[in-house]
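Good morning, and thank you for making time for this item. I would like to take you through some side-chain geometry, and I ask that you keep the structure in view while I speak.

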Amino acid sequence: MATGYILNRGALTLGIHCQRVCRNISLSQVREKKRWMKAYNYLMAKKLKLEGPPPPKPRSQHPHWDYHAEVQAFNTRLHENFSLDLLKTAFINPCYLQAEQERRKSLGVDSETAALVLKDNIQLSRNGVGFTESFLTDWCRASFPSLPGEAVDGIVRHLTSQAVVTNVARNLGIEDLTMTADFPIPDDVLHSTLMAVIGALQESSGAEKTGFFLRDFLATQLIGKDLFDMWTVVNPMGLLVEELTKRNVPLPEPRLIRSAGASTVLPLYFVGLYSDKKLLAQGPGETLVAAEEEAARVALRKLYGYTENRRPLDFSPQQQHQQPLIQSVNSN
């Protein structure tokens, strides 16, 4: 009886103590977002909708930008030995010099006192274009010896086109280093800048290193490209007849191999081309004429050695056929 009384009294004393402690604790609700944030975000979203996104700024206008360090990093990243003076000149476009001179005139700066001692990349760009076209032409002839001259010219035009060269330049990070008056940088300016970089590499490291650079970054753009996407052939059947005549092969004879859905909206025909009772190629088409033309294109790809299942190109660091190719470029 006495033990139970002592336990009840101890529990009552503990409860009174807990009540006194809880009275001294003040609980306050904390919001993760301030009350003014909703109105602020609404106004900012409305302003963005009315005014549009802010204009893009070049990387040089952002903080923590060191142009000299970025140029050196570009040289190291490509594992090339550029002359830094030539590389900086390759990034200077004529439009930038003109805009800088006009800006100095508007600020009242005397052109004689504070002259703009910079050189544009026009000459480097010309040298780069000439070397690129010569090297890619010789490389295509060495890699695909059966291709005619018109096909080689079509491939070279594709590899040196504005779309391909601009895409390569952006992926190499040239867009951030290019000094130009307009931003975003126009495609033609970016194209000439990469050609100037190629010209600077030729003067810095020679034709062999520049050839490897073009092989690694421009020639690889042929991967996954079809021959007739780069070279337009109006009459593939006529071209096939000419090629077979040169090789003293009997003329092709088109034959309908199989068809499906001929009486439906979407028919499908397979036409095969036979020469001396041997199947040269076959191709599909929605009409007999289209299927015959596709079969002729397939046969031309086989004759020229530009099929989809051809042997992959050799992009290893050392190539045996590269030396005469470089010598032919130097001789031009």
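I shall speak about aromatic pairs, charges over rings, one helix and the cysteines.

Please bear in mind that this is a predicted model.

I begin with the aromatic rings. A pair of aromatic rings is described by the distance of the centres and the angle of the planes. Searching the whole structure gives 10 aromatic pairs. One of them joins Trp65 and Tyr67, with 6.5 Å from centre to centre and 50° between the planes, a tilted arrangement. Of these two residues, let me add that Tyr67 is partly exposed, its relative accessible area being 22%. That value leaves Tyr67 outside the buried class, because buried requires a relative accessible area under 20%.

A further tilted pair is made by Phe213 and Phe217, whose centres are 4.8 Å apart and whose planes make an angle of 50°. Where do Phe213 and Phe217 sit along the chain? Both belong to helix α11, which covers residues 207-217, and they are 4 residues apart, so about one helical turn separates them. Their accessibility can be stated for each in turn: Phe213 is buried, at 3% relative accessibility, whereas Phe217 is partly exposed, at 26%.

Ring pairs also link three phenylalanines, Phe74, Phe82 and Phe91, into a cluster.

I turn now to charged groups over rings. Arg258 lies over the face of Phe270, 4.2 Å from the ring centre. In a second case, the charged end of Arg310 is placed over the ring of Tyr306, at 4.1 Å from its centre.

The next topic is helix α8, residues 162-172. Which residues of α8 are buried? They are Val164, Val165, Thr166, Val168, Ala169 and Leu172. What do these buried residues pack against? Their partners are the helices α3 (67-77), α7 (149-159), α9 (174-177) and α10 (187-205), together with α11, the helix that holds Phe213 and Phe217. After α8 comes Gly173, which has a positive phi, near 85°.

Finally, the cysteines. How many disulfides does a search of the whole structure find? The count is 0. Two cysteines may be described by their accessibility: Cys95 is partly exposed, with a relative accessible area of 25%, while Cys140 is buried, at 0%.

To close, I return to one point for discussion: the Phe213 and Phe217 pair is tilted, and it brings together a buried residue, Phe213, and a partly exposed one, Phe217. Thank you.

Terms used: Residues numbered from 1 in each chain as written. Predicted model: local features only at pLDDT ≥ 70, side-chain atom pairs only at ≥ 80, totals over all residues. Heavy atoms only, no water. Phe/Tyr/Trp six-rings, centres within 6.5 Å; stacked < 30°, edge-to-face > 60°. Buried < 20%, exposed > 50% of the residue type's maximum accessible area, 1.4 Å probe, protein only. Helix = DSSP H or I, 4+ residues; strand = E, 2+ residues; numbered from the N terminus. Lys NZ or Arg CZ within 6 Å of the ring centre and 35° of its normal. Contact = heavy atoms within 4.5 Å. Disulfide = S-S within 2.5 Å.
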